[in-house]
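Got the viewer open? Load the model, switch to a cartoon view, and keep the selection box handy for a walk from stop to stop.

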Amino acid sequence: VLVLSLDRLAAETYRRLQPSAERQLSRALGHPLELGPSRGLACFGVRLGPSRLQSLPSHPSSVELSGVAVSLDPLASLRHRLPVLEVDLQGAKATLRPSAEGSYWRLPERDPTAEPPRLVARLRLAQPARVLFERGSTVSKLALQGSVMLEPQRSRASALLRLRPLEPGSSRAGSLQMRGGGNWQTNQWQGQLTSRDIALAWPAALLEVGGELDGRVDGQLRLAWRDGEPDCQGELRLRKPSWRPRPNQPALSFDRPRLSCQGTAVTLASSAWRWGERSGRLGLQASWQPGELRLAQLDLSSGRSWLWARGALAPNPVLAGEWQLEPADLPLPAGVDRELVGSQLRGSLQLGGSWNQLQLSTRVSQASNALLGPWQAQLRWRDQRLLLDRFASTYLSGQGSLPLSLARGGGLSSGPLDLRLQLRRYPLPRLSPLLGADLQGVADAEGTIRGPLSGLT
């Protein structure tokens with residue numbers, strides 16, 4: 001009888017306090033909170049029924065709970081000299097959708113004049129929570145385990161969390177553990193990220209990386225944020241990573257690359273790569289700051305061909321570099337004499353604009369060419385159009401444009417070519433090796449080529 005009376009008293013007290021508690025917690029969490037009905041007393045606490053954090057038009061994420069148990073930990077309360085609440089979240093399911101700004105959840109701005117509650121809260125997932133990341137038509141399912149401790153009076157928070165995928169066939173996809181904490185008043189944070197045999201496919205799906213990404217990653221990163229400056233220490237080891245743009249295309253693979261960080265510097269040690277019949281090496285060094293990512297050096301090589309670049313990657317690309325293409329590194333159609341192709345092509349490049357609307361320009365030259373002699377050209381790609389601003393050799397000059405865009409699913413899509421050419425006193429003997437006939441004299445011509453590339457024969 002006593003227990004029943006206490007249950008009724010607790011239920012009645014909860015009903016009176018529920019509206020006020022929902023309003024206060026809704027303001028703190030940034031979403032409307034609907035607490036479930038009382039399910040009776042627990043040891044030093046109460047149990048609540050199904051509860052949920054509702055979505056908003058501007059922030060469409062939501063959280064559902066099958067139950068909540070709140071209890072007081074007497075011994076921990078004595079140690080902390082503050083009430084320590086244990087909050088067990090049962091049957092949690094979070095559906096995270098990005099807002100118009102791209103964030104999955106945003107807490108409201110904290111009022112610096114408000115007095116923080118004098119308590120400590122330990123939130124624990126009684127069972128692994130189901131987390132659904134929804135972005136467009138893409139849905140990634142993860143299991144989340146762990147706990148979070150909040151100490152508002154000291155402006156401190158700490159967490160130990162473990163993520164693993166829930167997709168079909170993901171039993172061997174590995175896991176990601178995050179341990180860390182800090183002070184939101186001083187904005188100082190530190191943590192440790194541990195990757196245990198993670199299959200690259202599931203973070204790639206979460207980040208919407210196109211194509212098929214395969215391979216696994218192990219390693220540990222120690223991360224810190226002090227006085228507005230980031231700090232990273234550690235290394236990630238990738239095993240048999242490969243990326244295939246489409247199922248019917250060859251995969252780009254790397255041989256045991258290592259990605260490391262020290263302070264704000266990120267380094268990919270020079271690693272061998274292969275894409276179909278092509279192979280070479282790739283290495284890079286970059287540095288990152290809040291809102292900025294800079295490429296200190298990118299080195300890409302294959303045979304005697306190479307490319308290097310440096311500059312800013314974020315928030316928008318501002319890159320400059322140089323490159324060399326050795327014709328001997330390219331497959332040529334059967335019957336084409338390599339002597340006709342000429343010496344290596346060398347040039348400079350600049351990448352600008354924004355990641356949504358890239359602008360690329362390059363200057364290219366060839367010191368010797370059996371058909372054209374030495375030549376130079378300047379090209380630009382912007383607004384989905386390739387522009388030949390200038391082509392100049394001893395005998396041939398030209399200008400033109402070609403609509404050229406990235407097709408959905410990879411590859412290039414082109415429109416009609418518009419090319420204007422002027423040929424001045426061209427020595428016909430230069431064509432003799434190509435045509436297999438002895439030609440004499442010179443030629444002059446001027447005209448325009450218009451139409452689809454498929455019409456050129």
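Select Arg 425 to begin: it sits in strand E30, where strands (E, at least two residues) and helices (H or I, at least four) are DSSP runs numbered from the N terminus. Arg 425 has a positive phi of about 45 degrees, although it is not a glycine. With a relative accessible area of 56%, Arg 425 is exposed; the scale here is buried for under 20% relative accessible area, exposed for over 50%, and partly exposed in between, using a 1.4 Å probe and protein chains only.

Some housekeeping before the next click. This is a predicted model, in which local features need pLDDT of at least 70 and side-chain atom pairs count only at pLDDT 80 or more, while totals for chains, interfaces and linings use all residues. Residues are numbered from 1 along each chain as its sequence is written, and side-chain values use heavy atoms, with hydrogens and water left out.

**More backbone oddities**

Most residues other than glycine have a negative phi, and most peptide bonds are trans. Now jump to Asp 197, which is not a glycine but has a positive phi of about 55 degrees. Asp 197 belongs to strand E14, residues 188-199, and is partly exposed at 26% relative accessibility.

Where does Pro 315 lie? Look in the loop between strand E22 (305-314) and strand E23 (318-325). The peptide bond joining Ala 314 and Pro 315 is cis, with omega at about 10 degrees.

**Back to E14**

Stay with strand E14 a little and pick Thr 194, which is placed there. Is Thr 194 buried or exposed? Thr 194 is buried, at a relative accessible area of 9%. Show its side chain together with that of Gln 220: the two make a polar contact at 3.3 Å. A polar contact is a pair of N or O atoms within 3.5 Å; within protein, one must be able to donate a hydrogen and the other to accept it, and residues adjacent in sequence count only if both atoms are side-chain atoms. Leaving aside neighbours within four places in sequence, Thr 194 is in contact (heavy atoms within 4.5 Å) with Ser 175, Leu 176, Gln 177, Gly 219 and Gln 220.

**The disulfide**

Next, display Cys 232 and Cys 261 as sticks. They form a disulfide with their sulfur atoms 1.9 Å apart; the rule asks for a pair of cysteine sulfur atoms within 2.5 Å, and by it the count comes to one disulfide. Distant parts of the chain are linked by this pair: Cys 232 is in strand E16 (residues 229-244) and Cys 261 in strand E18 (residues 258-263), 29 residues apart. The link of Cys 232 and Cys 261 is left-handed, with -60 degrees about the S-S bond. Switch on the surface: Cys 232 counts as buried at 5% relative accessibility, and Cys 261 is buried at 9%.

**Aromatic pairs**

How many aromatic pairs does the rule give? The count comes to four, where rings of Phe, Tyr and Trp (its six-membered ring) pair if their centres lie within 6.5 Å, and planes under 30 degrees apart count as stacked, over 60 as edge-to-face and the rest as tilted.

One of them is Trp 243 with Trp 275: the ring centres are 6.4 Å apart and the planes are at 70 degrees, so this pair is edge-to-face. Trp 243 lies in strand E16 and Trp 275 in strand E19 (residues 265-275), so the pair ties together parts 32 residues apart in sequence. Trp 243 is partly exposed at 28%, and Trp 275 is partly exposed at 33%.

Another stop is Tyr 395 with Tyr 426, an edge-to-face pair at 5.7 Å centre to centre and 85 degrees between the planes. Tyr 395 is in the loop between strand E27 (385-393) and strand E28 (396-406), while Tyr 426 is in strand E30 (residues 417-427), 31 residues away. Tyr 395 is buried at 18%, and Tyr 426 counts as buried at 6%.

**Two hairpins to finish**

Colour strands E20 (residues 278-289) and E21 (residues 292-302): they run antiparallel and are joined by nine bridges, and two strands pair if DSSP finds at least two bridges between them. Leu 284 stands opposite Leu 298 in E21. E20 and E21 form a hairpin with two residues between them, and Gly 291 in the turn has a positive phi of about 75 degrees.

Then add E22, which pairs with E21 in the antiparallel sense over eight bridges. Here Leu 300 has Leu 307 in E22 as its bridge partner. E21 and E22 also form a hairpin with two residues between them, with Gly 303 in the turn at a positive phi of about 60 degrees.
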